[in-house]
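Welcome to a short set of exercises on reading a protein model. Try each task yourself before you look at the worked solution.

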Amino acid sequence: MQDIQRGYKFRCYPTEAQQQQLAQTFGCCRVVYNHFLKLRTDAWYERQERVYYNETAKMLTALKKDPEFVWLNAVSNVCLQQSLRHLDRGFANFFQGLARYPTEKKKHQIQRARYMDNGFSFKDGQLKLAKQSTPLAIRWHRALPETAKITSVTITKDRAERYFVSFQVQENIAPQPVVAKTVGIDLGINAVAVCSDGQTFENKRPYRRSQQRLAKAQRQLSRKVKGSHNRRKARLKVAKLHAKVADQRADFNHKLTAQLIHENQVISAETLAVKNLLQNPKLAQSIADVGWGQIIRQLTYKAAWAGRTFVQIDRWFPSSKRCSTPGCGYTREKLPLHLREWDCPQCGTHHHRDRNAAINIDQEGKAILAGAMQLRIH
Ligand SMILES: [Zn+2]
C-alpha cells in the first residue's frame, strides 16, 4: 500500500449568486497574481533581488489595507494566498528550466481559484466554499473514495464557460498484481498508438467529426467583425467545440493508458523529443503533441500507482529502420514516411512500419531496464 496524491474532477453548476461570487474571486486572484508577478519581475530586473512567497504573503496583507485595494477583502484570503503560491511555483519551474517565464493572467483565459482545507467545508457530500452560504451543485459521475483525505479544492471556469471542481485527495492504494507481459508503443497520428503485441489504438471517428466541425467554426469566427456580439458568440462556439474535442481525447487516452498499465508489467515508449525529431513537422503536430504529452504523463503516474515500470527511451535509436526479427539486426539507411510496410533484405521478414518500431521499442526498453538492474547489483 502507498499514499498517493490524486485529483478527482467533476462538472459543477453554481447558482447565479455563486457565479457572481466566483467571478469576483477569480478576478481578485488574477489581480493579485499579476500584481506580484510585476513586483517580482521589477525587483529582479531593477535591483537583481529575488522576492519569495513569504515576503509576497506579508505584502499582500499590507496591500489589503490600502484603500485602493480594499475590495480584495471581499473574497477568501485562502484563494489569494494560493494565487501567490501558484506564482511562486511558476517562478520555481522557470528557474529550474521546466517552464517559460510566468505571464500575466488574462480575463478570457481559463479562470482558477484554489481553496485549502481552511477555505471550504465538505460534509455529507456537500461542498461549501468560503464566502458562500449555500453548497455547490456537483454532478457526481463517480464517488470520491471513502477513506480519501481532501487536501484542497480547485474551482475552474474554462473558455467554454463551464465550471468544474477538482478535489485533490490523499489516498492509500494497493499496487496491481504482477503480470509477465511487456509492451512497446509507437505513438502516431492516424493510429494514436501501435503496440508491439499487435494492438492498435485508432483515432476514434467521433473525435474526427468534432475536428471537422471545429475547423468550420474557426473559419466562421475568422469572418466575424472584431468586437461584435456575433464574434463573441462565434468564439464561444469554438471554445465549446475545443472543449469537446479535448474531453474526447482525454477520455480516449485515459482508457488507452489504463488498459496498457493493466495488461503489462513494463511499458516502453520513446520520449517526445525523440519522437518529434523523427516526424515530419508538416504533420498536424499541434494536435498530436497534446495527445502524446498527455499519454506520457498518464503512463508515468499510473505506472507509479500500479507498481508497473514505464521506460522512456530518451536517446535516439533506429526504432523504425531496424529489423525487429530476433538475431537479424539489419538496419535500413532510409525509411521515407510514406513507406508503411517493408521487407527485410537480410531475413525476408515483411514488416509493418509502426508495429516493427513498437517491437524494437519494447526490446530496447527491456535492455535499458536490464542494464539498470545490473548497475544496482554491482
Ligand atoms: Zn531482418
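In the protein chain, residues 24 or more positions apart account for 70% of the contacts with a separation of 6 or more; two residues are in contact if their C-beta atoms, placed from the backbone, lie within 7 Å.

Before you start, note that this is a predicted model, where local features need pLDDT of at least 70 and side-chain atom pairs count only at pLDDT 80 or more, while totals for chains, interfaces and linings use all residues. Residues are numbered from 1 along each chain as its sequence is written.

**Exercise 1. The whole chain**

Task: find how many helices and strands the protein chain has, and what part of it is buried.

Solution. Step 1: the protein chain holds eight helices and 13 strands. Both are DSSP runs numbered from the N terminus: helices are H or I with at least four residues, strands are E with at least two. Step 2: of the 378 residues, 26% are buried. A residue is buried if 20 or more other C-beta atoms lie within 10 Å of its own, exposed if 12 or fewer, and partly exposed in between, with C-beta atoms placed from the backbone. Step 3: the C-alpha trace spans about 80 × 60 × 50 Å along its principal axes.

**Exercise 2. Two domains**

Task: locate the domains and describe where they touch.

Solution. Step 1: the domain assignment gives domain 1 (2–173) and domain 2 (182–377); such bounds come from an automatic or database domain assignment. Step 2: their C-alpha centres lie 33 Å apart. Step 3: seven residues of domain 1 are in contact with five residues of domain 2. Step 4: sorted by class, the side of domain 1 that touches domain 2 has three nonpolar, no polar and four charged residues. Here Ala, Val, Leu, Ile, Met, Phe, Trp, Tyr, Cys and Pro count as nonpolar, Asp, Glu, Lys and Arg as charged, and the others, Gly among them, as polar.

**Exercise 3. A four-stranded sheet**

Task: work out the strand order of the sheet that holds β1, β6, β5 and β2, and explain why β1 and β2 each have one side without a neighbour in the sheet.

Solution. Step 1: the four strands form an open, antiparallel sheet in the order β1-β6-β5-β2. Two strands pair if DSSP finds at least two bridges between them. Step 2: β1 (2–12) and β2 (111–116) stand at the edges with a single partner strand each, so one side of each has no neighbour in the sheet. Step 3: from one strand to the next, the twist averages 20°. Step 4: β2 pairs with β5 (residues 149–157) in the antiparallel sense over six bridges, and R114 has T154 in β5 as its bridge partner. Step 5: helix α1 (residues 16–47) lies across β2 and β5 and runs at about 95° to β2. Axes are lines fitted to C-alpha atoms, for helices over the stretch in contact, and angles run from 0 to 180 degrees between N-to-C directions.

**Exercise 4. A hairpin and its turn**

Task: follow the chain through β3 and β4, and decide whether D124 is buried or exposed.

Solution. Step 1: β3 (residues 120–123) and β4 pair in the antiparallel sense over four bridges, with S121 opposite K128 in β4. Step 2: the two strands form a hairpin with two residues between them. Step 3: D124, in the loop between β3 and β4, has a phi near 50°, a positive value in a residue other than glycine. Step 4: D124 counts as exposed because it has 5 C-beta neighbours inside 10 Å. Step 5: strand β4 (residues 126–129) has L127 and L129 on its covered face, and Q126 and K128 on its uncovered one.

**Exercise 5. Helix α3**

Task: compare the span of α3 with the expected value, then find what covers its buried residues.

Solution. Step 1: α3 (residues 77–95) has 19 residues and reaches 27 Å from its first C-alpha to its last, close to the 27 Å expected at 1.5 Å a residue. The expected span is 1.5 Å times one less than the number of residues. Step 2: the buried residues of α3 include L80, L84, L87 and F91. Step 3: their cover includes α1, α2 (53–63) and β2. Step 4: just after α3, G97 takes a positive phi of about 75°.
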